[in-house]
Amino acid sequence: MYKYLKENGWTIRHTTTIPEQKGEYFNFDDLALTEESTRYINKIATKGLYKHQKEALKDVLESNNICLTTKTNSGKSLVFYVSAIEKLKRDKNAKILAIYPLRALSQEQEKHWNEAVSEADLDVKVARIDGQVSTDVRMNLIKHAQILIMTPDIIHAWLLNKTDNKSIVKFISQIKLIIVDEIHNYTGVFGSNSAFLFRRLEHLMKLLGTSAQYITASATIKAPDEHLNNLFGLNFKIIDSDYDTSPIHKRKITFIEPPETQDVFSYIPDLLKYIAQNTDHKFLTFVDSRKQTEYITSIVTRKRRKELEESAEIEKNILTNEHLKTLNILPFRSGYELEDREYIQERLNTGDLKGVVSTSALELGINIPHLTLGILLGVPHSMTSFYQRIGRIGRTQEGEILIINTGDLHSEIVFNNPESIFQLPLSEGAMYLENPRIQYIHALCLARNGGEHDNICSYMHIHTNSEFKSPINWPKNFISLCNSERIGVVPSELQNMKGIAGNNPNLTFPLRDVDVQFRVKSRRGPYEMYLGSLSYNQLMREAYPGAIYYYATRAFRVINVNTLSRTVNVSREKKYTTKPTALPILVFPDLNLENIKTKQKYGDLVCLDCNLQIGERIAGYKEQRGSKKRNVNYPLDPKKVGLSFHNTSFARYYFTSGVILFHPALNNANVKCNTIANLLYEAFLMTVPFESGDIHFACDKFKMENNYIHKGDRFITIFDQTYGSLRLSSRFANTEVLRKALQIALTLAKNKSISIDRNTYSAMKKIYEASLAEPSKLNLTMPERDIEEKESEFIKIIAIGSKGLATKHNAVLKVEGVFFNPEYNGLTYRGKFDNDSDESLIRIIPIADVIEIPGTTKFSRYNMKTGVIDG
């Protein structure tokens, strides 16, 4: 392999080794475990327990909640199994709930749980409940199994959704031990949603007069105690790496740089093909995006796939996953259909595949014993991610790791000092529990009339009234939101969610997004096949109108996107690649004082952490196959491209929060604000290693003004890409983080790969120098409101000629008129969307579905008695 690298223009920059570490073992007789636990340990751990295992079991027996944060492959699962055996032997009616963040992991662990109880000679039933198990079978398992394995998703969508069933309620009342693995994975939207899910379950157990002990495990992260408190609202004893005495196999790490004349989609496929055909390695390649997994594996398998596609039999069965059986390198990412994901996982576990190209989806503790080579395309931003990725390799023997410099700023910095990879910052548990959309999802599930709370109260014959009370440590504002839901007074910005949820919010809103996912489907004759799911954010990168969407190495053309039904229709296509032509991001800061969280001034530098409205727009796409390239602009002409899309852009508008920086130097001539924003974005992620897809950057001009800011002044922003915000970007407003990020950005600007002119660098330097001043609180004046509703006969409306955001259509509406519409039994706007290509098209939208664009929208008043518009 290394000979191939040298002969094909690769450069080996550095080699280092993680040395072998011998294990240290301890006798456990003093723990006074049951006969069954002792029998199991003696069979599995013949030399004794590692120190962290013994310490953890000691705390478990003292009824403490614990969290193990030792390295990968350190035997954390043994603590789970022994704790469950102890609990079941001491309480014959106890139920164990073992929670794993992914279905693939829960399926793998079901086998290990069965092996554990068998080795212990314990007569208990282990069962896994997920989407594959029919409802009737689930109920039987709930009644008769003592150890239940689930994902948070099935607990949310099914278990707590069936609290009107006596068998479910009895099961919840019998839970005595809750095991949660891989808690470092509970971050972002998924972590924030899960934090409410765990509290909902805890609330129901309290109503039933019971409680459970928690045993959790995690990779090494920053401030695990804070993360655990956010996730569960409970106290934990942490067993960290200081106690870890488990062994490590030697791993060789080689830092390599590709030939300068090739791009990533040339050199990586060639390297993977060589490894698959000429070495004995079974490899796992980590990349940072879903598109990269698909593109790379599609190119690797192109020759083989061409032969298959010429087969009439394959053509006939084109809407099946038959091709997955013949390829020896496959992609793995989120968003696959269950059947396809499990088939790839099965081939990987059995050693049938030569390799897999994966996103971070395979960072979790799935045991893949055959892997001997890990390939990292780019340097991870956190130490946690780095060790999780290389921890998949060399579990049973020595392993090798290749780290490839992709030329991005972060990789360049680390490759200049390769040993610095061992000083990367630990990842942080990124959750924002005050996101109103996330809170409302769980308020609907738990506290709506007839929801989970009422179901348990009915079972316990507890009288319920409009007021919701709970002994649980809930995040701020959640209890009041629950009470608002119970009396039917829901904030206007959440009313659309209530309508979408209907009577089943558990099924409507998944845990892994704050919005309903888009489903992709393809039809061929009478046959229809689903091809995964996407968030709106992913849709804007992968499946916009006309895009080539890749699924398990196959290419599909996006025929149309329905943003109301959340469906994407596709058809088979040749293996083109497409890239969206993005218009500048629109940023609308909300400078009303109640929506500004932090307002600081450092000399001439203004720093605001505030609510934002973001507009992301695509004007078309660039398409390429081989050397053939073409630019396609919206609207799509069916005569030219065979597709129809009538708008001038495809857009996503959403509310979030972000940190805005303004300095007079940004207004200077020839200063490229977007270059500064990009550098600060990279520097921020090097300072606080959040997932790059959760944060973004932009620059824009202020559209309103106050005593410090003038209309037209330019600003830059780092913002959250999650609807409603997780407030991750708020860390950028911290004085220490801000100064450090600015300092790193100046260093990055000197990198040879960065093209930055003197004026832009000078502006960035002035911003950094200003940040060193002592921060002072900024006394902003409140922008005047255009219109206030003073009399009951008046309704506040968007002024004719002004613009608002039509939320259901994700489009900006220019208002041309207002009238009472009997069809909607209320006032409606008449107007045009800003991306309508047909000027004769008139849009009729209820006024409740059109909201203010901060700094842009002007208001009037509509007199309900006279029909006259005033103001």
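# Close-up views of a predicted model

**View A. The loop around His 461, between helix 19 and helix 20.** With a relative accessibility of 75%, His 461 counts as exposed, because the cut-off for exposed is over 50%. The structure shown here is a predicted model. Helix 19 covers residues 452-459 and helix 20 covers residues 478-487, and His 461 sits in the loop that runs between them. The phi angle of His 461 is near 60°, which is a positive value in a residue other than glycine. Most residues other than glycine have a negative phi.

**View B. The loop around Asp 121, between helix 5 and strand 4.** Asp 121 also has a positive phi, near 55°, although the residue is not glycine. Its loop leads from helix 5 (103-119) to strand 4 (126-128). The relative accessibility of Asp 121 is 58%, and the residue is therefore classed as exposed.

**View C. Strand 23 and the strands that pair with it.** Strand 23 spans residues 605-625 and is mostly covered, with 17 of its 21 residues buried. Strand 25 (residues 650-662) runs antiparallel to strand 23 and is joined to it by 13 bridges. Strand 20 (residues 577-582) is likewise antiparallel to strand 23, with 6 bridges between them. Strand 21 (residues 586-589) pairs with strand 23 in the antiparallel sense over 4 bridges, and Phe 588 has Gln 613 of strand 23 as its bridge partner. Asp 609 of strand 23 is the bridge partner of Thr 598, and Asp 609 is also partnered by Val 659 in strand 25. Glu 623 of strand 23 stands opposite Thr 578 and has Arg 630 in strand 24 as a bridge partner.

**View D. The two hairpins formed by strand 23.** Strand 22 (residues 596-602) is antiparallel to strand 23, and 6 bridges join the two. They form a hairpin with 2 residues between the strands, and Gly 603 in the turn has a positive phi of about 60°. Strand 24 also pairs with strand 23 in the antiparallel sense, over 6 bridges. In this second hairpin 2 residues again separate the strands, and Gly 626 takes a positive phi near 65°.

**View E. Strand 24, the loop that follows and a charged surface patch.** Strand 24 comprises residues 628-633 and includes Lys 628. Lys 628 counts as exposed, with a relative accessibility of 66%. Together with Arg 302, Lys 574 and Arg 625, Lys 628 belongs to a patch of positive charge on the surface. Between strand 24 and helix 24 (638-641) lies a loop that contains Pro 635. The peptide bond from Tyr 634 to Pro 635 is cis, with omega near 0°. Most peptide bonds are trans.

**View F. An open sheet of 3 strands.** The strands follow the order 29-35-36 and their pairing is antiparallel. Strand 29 (794-798) and strand 36 (869-870) are the edge strands, each pairing on one side only. Strand 29 and strand 35 (residues 859-863) are joined by 5 bridges. Lys 796 has Arg 861 in strand 35 as its bridge partner.

**View G. A salt bridge between helix 2 and helix 5.** The side chains of Lys 43 and Glu 119 form a salt bridge, at 3.8 Å from N to O. This pair links distant parts of the chain: Lys 43 belongs to helix 2 (residues 35-44) and Glu 119 to helix 5, 76 residues apart. Lys 43 is partly exposed, at a relative accessible area of 45%, and Glu 119 is partly exposed too, at 30%.

**View H. A salt bridge within helix 4.** Arg 90 and Glu 86 meet through their side chains at 2.5 Å, N to O. Both residues lie in helix 4 (residues 76-90), separated by 4 residues, about one turn of the helix. Arg 90 is exposed at 54% relative accessibility, whereas Glu 86 is buried at 4%.

**View I. A buried salt bridge between helix 23 and helix 12.** The closest N and O atoms of Glu 542 and Arg 290 are 2.8 Å apart. Glu 542 lies in helix 23 (residues 536-542) and Arg 290 in helix 12 (residues 290-300), so the salt bridge ties together parts that are 252 residues apart in sequence. Both Glu 542 and Arg 290 are buried.

Terms used: Residues numbered from 1 in each chain as written. Predicted model: local features only at pLDDT ≥ 70, side-chain atom pairs only at ≥ 80, totals over all residues. Heavy atoms only, no water. Patch = residues over 30% accessible without salt bridge, like charges linked within 9 Å, V, L, I, M, F, W, Y side chains within 5 Å. Areas by Shrake-Rupley, 256 points an atom, 1.4 Å probe, with all protein chains shown as cover. Salt bridge = Lys/Arg side-chain N within 4 Å of Asp/Glu carboxyl O. Lys, Arg positive; Asp, Glu negative; His and termini not counted. Charge placed at Lys NZ, Arg CZ, Asp CG, Glu CD. Buried < 20%, exposed > 50% of the residue type's maximum accessible area, 1.4 Å probe, protein only. Pairing = 2+ DSSP bridges.
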